[in-house]
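Colleague: I would like a close look at a single part of this model, taken slowly enough for a first-year student to follow.

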Amino acid sequence: MNREKRTQIFERLRAENPNPTTELHFETAFELLVAVVLSAQATDKGVNKATAKLYPVANTPEKILALGEDGLKEKIRTIGLFNSKAANIIKSCAILIDQHDSQVPSERKALEALPGVGRKTANVILNTWFKQPTMAVDTHIFRVSNRTGIAPGKNVVEVEKRLLRLIPEEFLMDAHHWLILHGRYTCIARKPRCGSCVIEDLCEFKKKQS
Ligand code: SF4
């Protein structure tokens, strides 16, 4: 795919949704961090339902530690893998208090040192809260990048590096959200909705569906 096509794709995705953001609900960096950790292999809707109950009671590292692991599990038990997620969040809270003055760090290395925070989660925090042009490649972005030809790659790191290199700078900050939303609602895994896709004529996928 050439640069001109890529630019047109992002111009159209931007026109469709000029101010994209995550569908997770949060008010602070810490709330975002907890929501992103909870969202692994879970839907944003499910996470929002749980955090709507959790955050009024505990939305700081100190308050979650005071809630305790069992108390936290109770609040998030509707979310998949809640046992290990609760254990990771409790450990992360202790680290944030001890090493980061109870704040969410803005450096990738410090974020990835928190239990349950991998490269993808760190990328989401860096992009969504700290406004850094990172690319958290999830299953949606991986699929859309490969199908369309925007940035094909064999694995998520390959796709991440290509996207960062190939997406024109003016779109880099928001590209992550546009691609996720496009994958979630239009270029869906089982049957892409090519007939109602705004980039259908630019997409290079060979098996388009009507
Ligand atoms: S045309 Fe189809 S395959 Fe291409 S991006 Fe749109 S929905 Fe996905």
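How many other C-beta atoms lie within 10 Å of Cys194, and is the residue buried, exposed or partly exposed?

Modeller: Cys194 has 17 other C-beta atoms within 10 Å, and therefore it is partly exposed; a residue is called buried with 20 or more such neighbours, exposed with 12 or fewer, and partly exposed in between, with C-beta atoms placed from the backbone. Please keep in mind that this is a predicted model, in which local features need a pLDDT of at least 70 and side-chain atom pairs count only at pLDDT 80 or more, while totals for chains, interfaces and linings use all residues. Residues are numbered from 1 along each chain as its sequence is written.

Cys194 is found in the segment after helix 10, where helices are DSSP runs of H or I with at least four residues, strands are runs of E with at least two, and both are numbered from the N terminus. Leaving aside neighbours within four places in sequence, Cys194 is in contact with Glu200, Lys208, Gln209 and Ser210; a contact means that the C-beta atoms of two residues, placed from the backbone, lie within 7 Å.

Cys194 also belongs to a group, since an unreviewed UniProt entry lists Cys187, Cys194, Cys197 and Cys203 under "binding site". These four span 17 residues in sequence, yet no two of their C-alpha atoms are more than 10.6 Å apart, so they gather at one spot. UniProt positions are given here in the numbering of the model, with shortened feature names, and such annotations may be inferred rather than shown by experiment.

The ligand has 13 residues around it, and those that come nearest are Cys187, Pro192, Cys194, Cys197 and Cys203; a residue counts as near if its C-beta atom, placed from the backbone, lies within 6 Å. This shell divides into seven nonpolar, two polar and four charged residues, where Ala, Val, Leu, Ile, Met, Phe, Trp, Tyr, Cys and Pro count as nonpolar, Asp, Glu, Lys and Arg as charged, and the others, Gly among them, as polar.

Cys187 likewise lies in the segment after helix 10, but it counts as buried because it has 21 C-beta neighbours inside 10 Å. Its contacts beyond four places in sequence are Arg143, Val144, Arg147, His182, Pro192 and Cys197. Val144 and Arg147 are among the buried residues of helix 8 (residues 139–148), which also include Ile141 and Phe142, and the buried residues of that helix pack against helix 1 (3–16), helix 9 (156–166) and helix 10.

Within helix 10 (residues 169–185) sits His176, which counts as buried because it has 25 C-beta neighbours inside 10 Å. His176 touches Asn127, Met135, Ala136 and Ile141, not counting residues up to four places away. Its C-alpha atom is separated by 7.7 Å from that of Val137, although the two are 39 residues apart along the chain.

As for the wider setting, the protein has ten helices and zero strands. An automatic or database domain assignment divides it into domain 1 (3–20 + 134–196) and domain 2 (29–128), and the C-alpha centres of these domains lie 26 Å apart. Six residues of domain 1 are in contact with five residues of domain 2.
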